[in-house]
Amino acid sequence: MMFVRCFSNLCKWPVTGRSILNYRRLLSTSGRKHDNNELVVDRLEGNLNGIVVLGMNRPKAKNSFSKNLSNLLCDTVEKLKYDQNLRVLIVRSMVPGIFCAGADLKERLTMTPEEVGPFVGRLRQLILDMQKFPVPTIAALDGTAVGGGLEMALGYDMRVASTDAKMGLVETKLAIIPGGGGTQNLARIVGPSIAKELIFTGRTLDGKQAHDIGLVNHVVEQNETGDAAYHRALELAKEIIPQGPIALRMAKQAINCGTEVDLASGMAFEQACYAQVIPTKDRLEGLTAFKEKRPPQYKGH
């Protein structure tokens, strides 16, 4: 059944699509009223062309998830997944010393019990959408990422942290549990036993400790401007963008679904994904470039 669901996703996930030329304009026509300043969307150019950066920007609230920020993130992710020019998506903070403090507890206090469930469900769906996002994703953690903030980072393919970053699923200290996929994703990344210890104790880790247990891919010494993890994420993204765009999307799908099933089913899904790259012009370009001893020029076709 898992293979059937994954194969169905293979047909639904976009490999090609329309280019998004003006993110701010698109956000303003989404049907909701937003304070767009809470999310900065930046398309990089030059040798970083193909990278889009989402910058959370709620300094007074430590980038905590409000209804507005959550809606902005959901709407932006939904639109970006159809952008054929996108190669890597990075999320970062525009606020020094903080990545995301999780839920906006002040706003949460104003919600009725009937409102809390759907709001948390929307955050959970955002994290699922990020895991299914068609291109590689990187979370740059240059500060504190606790609760829902860490849960969001766990939904990205890779994580880069500064040495002074603080990470933890601290919900049990508030007599609740992680509700944005934390119990599931943390266990899959670091193993059930370590995940249980971290969640049961509500412990926070610094960047080096997180790297030691495999919670983050890379850890870097923080710099004077407080954005060392972001710069390391850019270097990682630069290594990814020259590769075949369709191949990257198919590789991500094969890994995501293959790790959730038995080996035989995973191999079958890999075969299905491989079949998607055989008829592409990019595959032929890769072979031709290798023969001609030149860098390939992939177009995503």
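Start by selecting Lys166 and Asp206: Lys166 stands opposite Asp206, which belongs to strand β9. Keep in mind as you click around that this is a predicted model.

**The sheet**

Now widen your selection to residues 166-168, which make up strand β8. How do β8 and β9 pair? They run in the antiparallel sense, joined over two bridges. Add β4 and β6 and you have an open sheet of four strands, in the order β4-β6-β8-β9, with mixed pairing. Look at the edges next: β4 (97-100) and β9 (205-206) stand there. Each has a single partner strand, so one side of each is left without a neighbour in the sheet.

**Into the core**

Stay with β8 and pick out Met167. Which residues does Met167 touch, if you skip those up to four places away in sequence? Among them are Leu141, Ala145, Leu150 and Ala161, and further along the chain Arg203, Leu205, Asp206, Leu215 and Val216.

Met167 is also one of the residues with the most contacts inside the largest nonpolar core, which has 45 residues. Select Leu54, Phe99, Leu141, Leu186 and Leu215 too, and you have the others named for having the most contacts there. Which element gives the most to this core? Colour α3, because that helix supplies six residues.

There's a second core to find, separate from that one: 19 residues, including Leu48, Val53, Ala237 and Leu248. In soluble globular proteins, nonpolar side chains tend to be buried together.

**A helix with two faces**

Go to residues 192-201, helix α8. Show the side chains of Ala195, Leu198 and Ile199, which are buried. Why can we say they sit on the same side of α8? Because they cover an arc of only 95° around the axis. An α-helix has 3.6 residues a turn, so residues three or four places apart point the same way.

What do the buried residues of α8 pack against? Select α7 (182-190) and β9 to see their neighbours. Then spin the view to the face turned away from the buried side, where you'll find the exposed residues Ser193 and Phe200. Just after α8, click on Gly202: its phi is positive, near 65°.

**Last stop: a loop**

Finally, select Lys60, in the loop between β2 (51-56) and α3 (67-80). Is Lys60 buried or exposed? It is exposed, because its relative accessible area is 89%, and exposed means over 50%. Add Val95 to the selection: Lys60 and Val95 are 35 residues apart in sequence, and their C-alpha atoms are 9.2 Å apart in space.

Notes:
Residues are numbered from 1 along each chain as its sequence is written. This is a predicted model: local features need pLDDT of at least 70, side-chain atom pairs count only at pLDDT 80 or more; totals for chains, interfaces and linings use all residues. Side-chain values use heavy atoms; hydrogens and water are left out. Buried means under 20% relative accessible area, exposed over 50%, partly exposed in between (1.4 Å probe, protein chains only). A nonpolar core is a set of buried Ala, Val, Leu, Ile, Met, Phe, Trp, Tyr and Cys residues joined through side-chain atoms within 4.5 Å. Contact means heavy atoms within 4.5 Å. Two strands pair if DSSP finds at least two bridges between them. The arc is that of the directions from the helix axis to the C-beta atoms.
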